[in-house]
Amino acid sequence: MDNPPVKMMDPTLAEMGNHLSDAMKILESGKLESEQGKERRKLSWKDIPGPLQGDGQDVVSILQLVQNLMHGDDDQQGQRRMQYVGEQGHMALLGHSLAAYISVLERERLRKLTTRILSDTTLWLCRLFRYENGSAYYHEDDREGLVKVCRLVINTHYEDYATEGFTMLSSKHPVIYQSAACRPGLGQHLCSQLALPLSCLCIVPCNTMFGSLHQMDVALLDKLIRDDRESGKVPLLLIANAGTPGAGHTDKLSRLKELCVQYNMWLHVEGVNLATLALGQVSSAVTAATKCDSMTLTPGPWLGLPAVPAVTLYRHEDPALSLAAGLTSSQPVEKLRALPLWLSLQYLGHDGILQRIKHASQLSQQLLEHLKTLASIKTSTLSPPSVFSQDSAPSSGGSVEGYFAGERDVLDVLNRWLGEQLAQQVPLSGVDVVELEDEGTCVRFSPLMTAAALGTQENDVAALVEKLGEMIPVLSCTLRYRQDFKDEVLQQASLSYIEDLSWPGLGGVRYEPRATDLDEDKRQHSVEKINNDLLKKLMELDTDLYFSGGPEFCEEKNCIFIGMATEDLDVAELVETIVSIGREIEESGKLFENMTEVVRRGIQEAELQLQKANEEKLMEEGVLRQIPLVGPVLNWFSPVQASVKGRTFNLAEGCLDSTEPVYSVKAQMNKEASLDSPKSITKRFPGQKLFRRHGAGSDSVSDTSSVSQLEESFRETAHVQANNADEAEVPEERHVHIVEETALSDQRVPEGQETESVDTLR
């Protein structure tokens with residue numbers, strides 16, 4: 001589109017567009033502030049609310065404050081998951097600025113302008129989504145349109161409602177019907193806004209015997225309506241889905257429309273599948289939505305437009321009732337809500353709009369085609385979708401079929417872990433986790449709601465499929481080994497198995513000390529210390545397994561939880577290693593507890609012997625030699641050969657011995673120790689990590705590498721090679737050497753020149 005000449009443009013509009021462009025560049029670049037400025041900001045109080053400054057600030061300073069509030073201390077742009085704002089997004093943002101500027105025009109000119117904007121936008125949307133002769137209501141909250149439609153229907157069924165109010169409803173209660181698959185809280189919000197009791201809301205179950213589990217049961221709905229009419233109630237409105245929020249299913253809209261005509265009810269349709277009405281070929285199930293009385297569209301997520309309103313299209317012949325319900329307004333300023341959408345639709349054009357919706361459908365088709373080749377995955381759709389055919393929704397949910405069909409809680413936890421990992425490792429895919437009543441926890445891929453905003457492409461879907469191929473074997477192995485791990489733990493008397501269904505992994509254990517003579521407080525302290533040390537040592541092992549203290553809100557304390565498993569995992573070796581390390585920690589703790597008393601008694605005995613040795617020295621040398629001035633002179637003329645007696649304190653036996661045999665055999669002990677080699681509990685082949693069975697299959701290497709990549713985000717500490725601990729030499733005896741003088745040092749004192757020494761304790 002050619003830009004008009006600058007001389008024909010309002011200077012204020014041109015300046016507004018330039019300012020918006022400059023502001024977006026500043027906020028998106030993140031390079032406005034220097035490194036020194038960032039350091040000063042960390043030490044300043046500018047982010048704390050305070051009084052308004054007396055003198056104004058320039059635009060750059062204000063934008064800097066906005067940028068700081070947007071991003072905080074996150075200086076890495078790549079870690080921000082923000083919506084992709086392209087040129088069409090800038091047009092939508094410009095619409096909000098223009099709405100404020102246009103609102104200051106004179107009333108008559110403003111009325112003409114807003115009427116043109118509103119009529120253009122309504123006409124374009126009705127033609128795009130095949131809704132003939134419709135009116136439009138633009139609203140920020142996507143539920144607000146349905147609230148206004150309900151008020152319109154109430155005014156239609158109760159002629160004196162405008163004057164009598166709720167007294168008209170007390171005699172004949174209105175009833176609003178909605179599917180059990182509708183988004184949570186929708187019916188409650190309607191009753192709250194309309195001041196209706198919750199008894200006016202009727203939840204229609206979905207099919208349980210025939211058809212989809214997410215489609216409204218039409219036969220049961222018919223029975224409910226007849227029962228309400230017989231009891232004097234007024235069936236008012238039915239809310240149906242063209243794409244349920246969880247699984248993307250479409251209700252039988254044609255049959256529902258027939259019921260609504262039969263019982264004089266209003267049919268309102270909402271859902272993501274309404275976007276496909278703009279495509280060239282649409283399934284008959286979705287096409288039936290064009291015959292409904294009203295529908296709510298959300299073009300913002302579908303087209304990647306930020307801050308554009310939702311639209312409710314409706315058909316009604318009485319403009320007075322529409323005005324009373326709030327669907328139309330006599331205030332021109334309220335009609336400017338359509339301005340951002342008016343600008344964006346013109347910028348995209350008809351082809352651009354179709355291209356975005358078509359692209360999202362192709363992404364869904366691409367994923368579902370790949371899901372057919374993956375084992376242990378089931379989709380929530382009945383038939384595979386195509387680009388132009390919407391027999392099923394352009395969104396899919398996947399769940400892992402478990403080996404233990406009854407353990408739904410375990411499957412839900414693993415599926416939740418799967419969804420979180422996929423969202424973290426492939427963020428541009430837009431997958432999330434949803435809870436469905438029948439299927440449980442599922443992973444949802446809804447490109448119509450996320451692709452335009454995130455910029456999802458075919459390679460992102462390919463990366464998503466690749467990650468699924470890596471994670472599914474890990475999930476399957478974990479499910480299969482959970483029971484084996486539990487059985488192995490229960491066979492060990494010193495281990496307790498921790499049942500926590502919220503943990504995505506093998507399970508949890510607790511090492512229980514064997515001592516039975518401790519009181520409860522000391523025992524709890526011992527359990528805490530042993531398991532904490534055990535967790536640290538397990539995390540230092542050379543293995544791909546993930547060890548943790550458990551979920552954040554775990555009720556069990558002092559536990560060790562093991563993460564995901566692979567095909568070549570040796571569960572028996574894993575449990576034996578946990579028991580062995582725990583026993584070593586427990587015995588080491590007992591040794592040090594016993595050593596405390598031994599050392600205390602040994603020190604007392606050493607002090608007595610040192611005191612006795614000093615007395616013997618005094619008797620041997622005489623009193624004169626202890627005088628500071630006389631002693632050195634006397635020693636010069638008459639040297640005394642002092643007899644040095646070294647002592648060593650044996651911690652293992654708790655007694656004092658002579659140091660002479662220690663130094664005489666020191667060389668021989670070092671030589672023998674160097675010949676000893678550390679022993680390994682389990683023989684491992686080169687390159688084989690702990691707890692891995694050799695020869696488990698050619699897929700073992702790939703599974704091991706994949707689980708290492710999957711659980712890298714879980715690890716809070718780096719791995720430490722186990723060889724460092726194995727090669728550490730542990731002495732059989734620990735000694736404290738006690739000497740009376742410095743006679744054992746390398747430098748010898750010449751005969752006759754000995755000086756007074758102080759007994760030292762090394």
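Which residues of α19 are buried? The tour comes to that helix after a look at the whole model and its central strands.

**Before selecting anything**

This is a predicted model, in which local features need pLDDT of at least 70 and side-chain atom pairs count only at pLDDT 80 or more, while totals for chains, interfaces and linings use all residues. Residues are numbered from 1 along each chain as its sequence is written, and side-chain values use heavy atoms, with hydrogens and water left out.

**The whole protein**

Show the cartoon. The protein has 25 helices and 19 strands; these are DSSP runs numbered from the N terminus, helices being H or I with at least four residues and strands being E with at least two. Of the 762 residues, 44% are buried. Buried means under 20% relative accessible area, exposed means over 50%, and partly exposed lies in between (1.4 Å probe, protein chains only). Among contacts with a separation of 6 or more, 72% are between residues 24 or more positions apart; a contact means heavy atoms within 4.5 Å.

**Strand β5 and its partners**

Select residues 266-270, which form strand β5. Five of its five residues are buried, so the strand is largely enclosed by the rest of the structure. Colour W266, H268 and E270 for one side and L267 and V269 for the other: both faces are covered. In a regular strand the side chains alternate between the two faces of the sheet.

Add strand β4, residues 234-241, which runs parallel to β5 and is joined to it by five bridges. Strands count as paired if DSSP finds at least two bridges between them. L237 has W266 of β5 as its bridge partner. Between β4 and β5 the chain passes through helix α11 (residues 253-262), and this β-α-β crossover is right-handed. That term applies if, with the strands pointing away from the viewer, the path from the first strand over the helix to the second runs clockwise.

In the loop between α11 and β5, pick N264. N264 is not a glycine, yet its phi is positive, about 55°. Its relative accessibility is 55%, so N264 counts as exposed.

Now add strand β6, residues 294-297, which is parallel to β5 and joined to it by three bridges. M295 in β6 stands opposite V269.

**The nonpolar core**

Keep V269 and M295 on screen and add Y177, L221, L238 and L274: of the 64 residues in the largest nonpolar core, these six touch the most other members. Such a core is a set of buried Ala, Val, Leu, Ile, Met, Phe, Trp, Tyr and Cys residues joined through side-chain atoms within 4.5 Å. Helix α15 (residues 339-371) supplies the largest share of this core, nine residues. Centre on L221 next; leaving aside neighbours within four places in sequence, L221 is in contact with Y177, V204, M216, L238, L256 and L259.

**Three stops toward the N terminus**

Select K148 in helix α6 (residues 144-157). K148 is buried, with a relative accessible area of 11%. Apart from neighbours within four places in sequence, K148 is in contact with Y137, A325, G326 and L327.

Go to A100 in helix α4 (residues 87-102). A100 is partly exposed, at 48% relative accessibility. Draw a C-alpha to C-alpha distance from A100 to L336: the two are 236 residues apart in sequence and 8.9 Å apart in space.

N133 lies in the loop between α5 (107-128) and β1 (135-139). N133 is exposed, at 73% relative accessibility, and has a phi near 55°, a positive value in a residue other than glycine.

**Helix α19**

Select residues 520-539, the 20 residues of helix α19. From first C-alpha to last the helix reaches 28 Å, close to the 28 Å expected at 1.5 Å a residue, where the expected span is 1.5 Å times one less than the number of residues. The buried residues are V527, I530, N531, L534, L535 and L538. Look down the axis: they fall within an arc of 135°, so they line one face of the helix; the arc is that of the directions from the helix axis to the C-beta atoms. On the face turned away are the exposed residues D521, K522, H525 and K536.

**An antiparallel sheet**

Finish with the open sheet of four strands in the order β12-β13-β15-β14, where the pairing is antiparallel. β12 (495-498) and β14 (547-548) stand at the edges with a single partner strand each, so one side of each is left without a neighbour in the sheet. Inside, β13 (residues 507-511) and β15 (residues 560-562) pair over three bridges. G508 has F561 of β15 as its bridge partner.
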